[in-house]
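Trainee: Hey, have you got a minute to look at a structure with me? I'd like to learn how to read it.

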Amino acid sequence: MTTIPFNHKMGAHCESGTVTSLVNHAGLDLTEPMVFGIASGIFFGYFHKHRSFTFPTFIVRNRPGDMRKNIQKRLGVKFNTFSFSREEEGMKKLDELLLQGIPVATQVDFYYLDYVPSWERAHVNVHFMVVIGKEEDDYIISDSYFPKPERLKEESLRRGRFAGGNMAPKGFLFYTARVPEQPDLRRPILKGIEKACFNMLSLPVPFIGIKGIRLFAKRVVDWPTFARDTEHLSHEVMKINILLEDQGTGGAGFRYMYATFLQQASSLLHNPKLKELSQQLMTIGDGWREISLFAARIGKNRELGPEKLKELSTLIMDRADVEEKFFKELKKSIK
Amino acid sequence: MSNEPSDELKREIKELIMSTLNIADINPEEVDDDEPLFGGNNALTLDSVDGIEIIMALQRKYGIRLNDQNLARQIIQSINSIAEFIVKEKASS
């Protein structure tokens with residue numbers, strides 16, 4: 001078997017990067033921020049106590065899988081998807097698709113990717129990448145986090161695809177079956193923005209959207225009660241930086257990527273207000289980056305007393321206020 | 001106009017990094033232009049927190065945005081890669 005000619009591109013985030021690569025390969029010219037925006041990727045959720053997490057945490061994007069599903073629904077793209085209970089079947093199906101010249105997106109546990117430096121590896125069950133070929137015992141991987149296609153041992157891919165635990169991949173794979181020819185992006189963009197505004201402003205759940213950011217601000221001062229010791233607390237506070245900046249967010253918890261989407265949407269919809277909002281969101285993103293840095297600094301220096309956590313809380317509350325204003329304006333701008 | 005970063009720019013970047021990170025015990029001359037700033041044999045051995053500080057300092061001083069962390073990681077690899085990026089950004093603006 002050889003490698004499918006595939007235009008490998010780096011992306012900011014694994015799921016939006018993977019979906020973008022697949023639809024681009026199928027002939028649909030979309031940027032990653034456009035995919036992210038149409039799919040209403042921007043989000044906020046705070047989990048103070050949750051059965052899946054041992055420590056309070058937050059998310060800054062919609063649920064894994066939602067980007068693919070929303071792109072399918074709003075753009076008329078058709079992805080075929082498969083999950084497997086038996087490893088052999090999952091590997092066989094992948095090989096069959098590759099033999100047909102079809103690039104295949106797979107969900108894996110990031111930890112098993114040989115090409116990732118060992119110090120960067122962590123068990124994350126929802127990493128997406130595209131398998132574009134097989135040469136001897138190696139699969140050829142287009143992973144949007146890396147500058148060039150990488151090689152991955154068959155055994156490592158198998159272990160990654162069939163890792164256990166929370167959100168286990170179960171061999172999940174998907175590929176593009178159909179893309180529309182020259183779709184009109186205007187309606188999908190508006191739908192994407194509408195849903196993002198709904199998620200951030202109106203979901204009747206106290207831990208989602210702006211309410212979630214406010215809850216995060218209020219409860220972060222209680223984090224020491226969950227920590228075993230200072231070392232543990234410091235690790236968790238520093239994770240704020242990782243969640244906002246370092247997990248394929250495109251920076252500032254996806255705010256920069258969404259700002260780029262709004263800029264592109266402004267041109268396509270001839271709506272100058274969206275461009276103005278894009279610039280506003282860039283500045284809002286700078287504030288999230290300040291939070292990242294603040295959290296990383298106090299974590300690193302073990303300055304985790306009540307005053308510092310209160311300061312962190314104030315910074316987060318300020319983001320809730322500016323994002324509330326921003327999303328209200330965004331909602332109005334597309335009426 | 002040359003697209004090669006000047007020695008002056010490289011020195012300026014080194015000074016910016018050192019003032020941002022409060023590094024007083026190293027001379028800019030000791031910092032190798034090509035050696036990785038993170039985990040290499042450079043006089044400056046930095047960590048990921050320092051990385052964000054550098055990104056924000058570059059944004060403030062030169063008005064360049066390094067929003068995408070994957071790209072940012074490549075650009076802040078060494079003094080040379082930062083200098084090349086600044087020259088490229090200035091040329092395209």
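**Domains, sheet and rings**

Mentor: Sure, let's start with the big picture: the C-alpha centres of domain 1 and domain 2 of chain A lie 29 Å apart. Keep in mind that this is a predicted model.

Trainee: Okay, and which residues go into each domain of chain A?

Mentor: The domain assignment gives 14-30 plus 78-178 for domain 1 of chain A, and 186-333 for domain 2.

Trainee: Now the sheet. In what order do the six strands of the open sheet in chain A come?

Mentor: The order is S3-S8-S4-S5-S6-S7 in chain A, and the pairing is antiparallel. The edges are strand S3 (78-82) and strand S7 (150-153) of chain A, each pairing on one side only. From one strand to the next, the twist averages 40°.

Trainee: How many bridges join S5 to S6 in chain A?

Mentor: Five, between S5 (residues 127-135) and S6 (residues 138-142) of chain A. If you want a spot to find by eye, look for Gly133(A), which stands opposite Ile140(A) in S6(A).

Trainee: And which strands does helix H1 of chain A lie across?

Mentor: Helix H1 (residues 14-25) of chain A lies across S3, S4, S5 and S8 of chain A, and runs at about 45° to S5(A).

Trainee: Switching topic: how many aromatic pairs are there over all chains?

Mentor: The structure holds 21. Take Phe44(A) and Phe216(A): their ring centres are 6.0 Å apart and the planes are at 25°, so this pair is stacked. The pair links distant parts of the chain, with Phe44(A) in strand S1 and Phe216(A) in helix H7 of chain A, 172 residues apart.

Trainee: Is Phe44(A) buried or exposed? And what about Phe216(A), buried or exposed?

Mentor: Phe44(A) counts as buried because its relative accessibility is 0%. Phe216(A) is also at 0%, so Phe216(A) counts as buried.

Trainee: What about Phe44(A) and Trp288(A), how do they pair?

Mentor: They form a stacked pair, 5.8 Å centre to centre with 20° between the planes. Here Phe44(A) in strand S1 meets Trp288(A) in helix H10 (residues 272-300) of chain A, 244 residues apart. Both Phe44(A) and Trp288(A) are buried.

Trainee: Which residues form one aromatic cluster with Phe44(A)?

Mentor: Tyr46(A), Phe55(A), Phe58(A), Phe216(A), Trp223(A), Phe226(A) and Trp288(A).

Trainee: Last one: where does the charged end of Lys93(A) sit?

Mentor: Over the ring of Phe82(A), 4.4 Å from its centre. In chain B, the charged end of Lys61(B) sits over the ring of Tyr62(B), 5.8 Å from the ring centre.

Note on methods: Residues numbered from 1 in each chain as written. Chains lettered and ligands numbered in written order. Predicted model: local features only at pLDDT ≥ 70, side-chain atom pairs only at ≥ 80, totals over all residues. Heavy atoms only, no water. Pairing = 2+ DSSP bridges. Helix = DSSP H or I, 4+ residues; strand = E, 2+ residues; numbered from the N terminus. Axes fitted to C-alpha atoms, helices over the stretch in contact; angles between N-to-C directions. Contact = heavy atoms within 4.5 Å. Domains from an automatic or database assignment. Phe/Tyr/Trp six-rings, centres within 6.5 Å; stacked < 30°, edge-to-face > 60°. Buried < 20%, exposed > 50% of the residue type's maximum accessible area, 1.4 Å probe, protein only. Lys NZ or Arg CZ within 6 Å of the ring centre and 35° of its normal.
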